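Here's a quick briefing to read with the model open on your screen. Pull up the sequence too, and we'll go topic by topic.

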Amino acid sequence: MSLAPMNITLKDEAWEGVDAQVQALVDQWLVPEGAQVQAGQAVARVILVKSSMDIAAPAAGLVERILVPTGETFGRGQPLAVLKPA
């Protein structure tokens, strides 16, 4: 049985106290598309309201597709990449 793909997102806690229309910026992808990652491994660095933070993989698996490239912005709840769990 294969596990369903999961979205990699910036956790809701990071957005607390931030206006709904504010966007975050993908500063850097720390792994390429197609990379195998471990649960909790930092996969991207983002900037939200002058704060830099890492986004961790929610599970071990393969980064199947990057949806928001480096230098692009994204909103609350928007998926940044798709992870195929191992």
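How many salt bridges does the count come to? The answer is 1 salt bridge, and keep in mind that what you're looking at is a predicted model. Beyond that, there's an aromatic pair, a nonpolar core, some strand pairing and a couple of unusual backbone angles to walk through.

**The salt bridge**
- The partners are R45 and D54, whose side chains come together at 2.8 Å, N to O.
- R45 counts as partly exposed because its relative accessibility is 27%, which falls between the 20% and 50% cut-offs.
- D54 also lands in the partly exposed class, because its relative accessibility is 42%.

**The aromatic pair**
- Searching the whole structure turns up 1 aromatic pair.
- W15 and F74 make up that pair in an edge-to-face arrangement, with 6.1 Å from centre to centre and 85° between the planes.
- This pair ties together distant parts of the chain: W15 sits in the loop between strand 1 (6-8) and strand 2 (24-29), while F74 belongs to strand 7 (residues 73-74), 59 residues apart.
- Buried or exposed, what are W15 and F74? Both are buried.

**The nonpolar core**
- The largest nonpolar core has 23 residues, and the members touching the most others are V43, I55, F74 and L80.
- Strand 2, strand 4 (42-48) and strand 8 (81-85) each put in at least two residues.
- Strand 4 gives the largest share of this core, at 4 residues.
- For background, nonpolar side chains in soluble globular proteins tend to be buried together.
- If you click on V43, look for its contacts beyond four places in sequence; among them are I8, W29, V37 and I55.
- V43 also touches L30, V31, A56 and A57, again with residues up to four places away left out.

**Strand 8 and its partners**
- Strand 8 is mostly covered, with 4 of its 5 residues buried.
- Strand 1 runs antiparallel to strand 8, and 3 bridges join the two.
- On that side, N7 stands opposite V82 of strand 8.
- Strand 6 pairs with strand 8 as well, in the antiparallel sense and over 5 bridges.
- Which residue in strand 8 is the bridge partner of G61? That's P85.

**A look at L62**
- You'll find L62 in strand 6 (residues 61-66).
- L62 is partly exposed, because its relative accessibility works out at 25%.
- L62 and A86 are 24 residues apart in sequence, yet their C-alpha atoms are 6.9 Å apart in space.
- With neighbours within four places set aside, L62 contacts V82, L83 and K84.
- The other contacts of L62, under that same exclusion, are G34, A35 and Q36.

**Positive phi in the loop**
- Where does V49 lie? V49 is in the loop between strand 4 and strand 5 (51-56).
- V49 has a phi near 50°, a positive value in a residue other than glycine.
- K50 lies in the loop between strand 4 and strand 5 too, and K50 has a positive phi of about 65° although it is not a glycine.
- V49 counts as exposed because its relative accessibility is 52%, and the cut-off for exposed is over 50%.
- K50 is exposed as well, because its relative accessibility is 85%.

Notes:
Residues are numbered from 1 along each chain as its sequence is written. This is a predicted model: local features need pLDDT of at least 70, side-chain atom pairs count only at pLDDT 80 or more; totals for chains, interfaces and linings use all residues. Side-chain values use heavy atoms; hydrogens and water are left out. A salt bridge is a side-chain nitrogen of Lys or Arg within 4 Å of a carboxyl oxygen of Asp or Glu. Buried means under 20% relative accessible area, exposed over 50%, partly exposed in between (1.4 Å probe, protein chains only). Rings of Phe, Tyr and Trp (its six-membered ring) pair if their centres lie within 6.5 Å; planes under 30 degrees apart count as stacked, over 60 as edge-to-face and the rest as tilted. A nonpolar core is a set of buried Ala, Val, Leu, Ile, Met, Phe, Trp, Tyr and Cys residues joined through side-chain atoms within 4.5 Å. Contact means heavy atoms within 4.5 Å. Two strands pair if DSSP finds at least two bridges between them.
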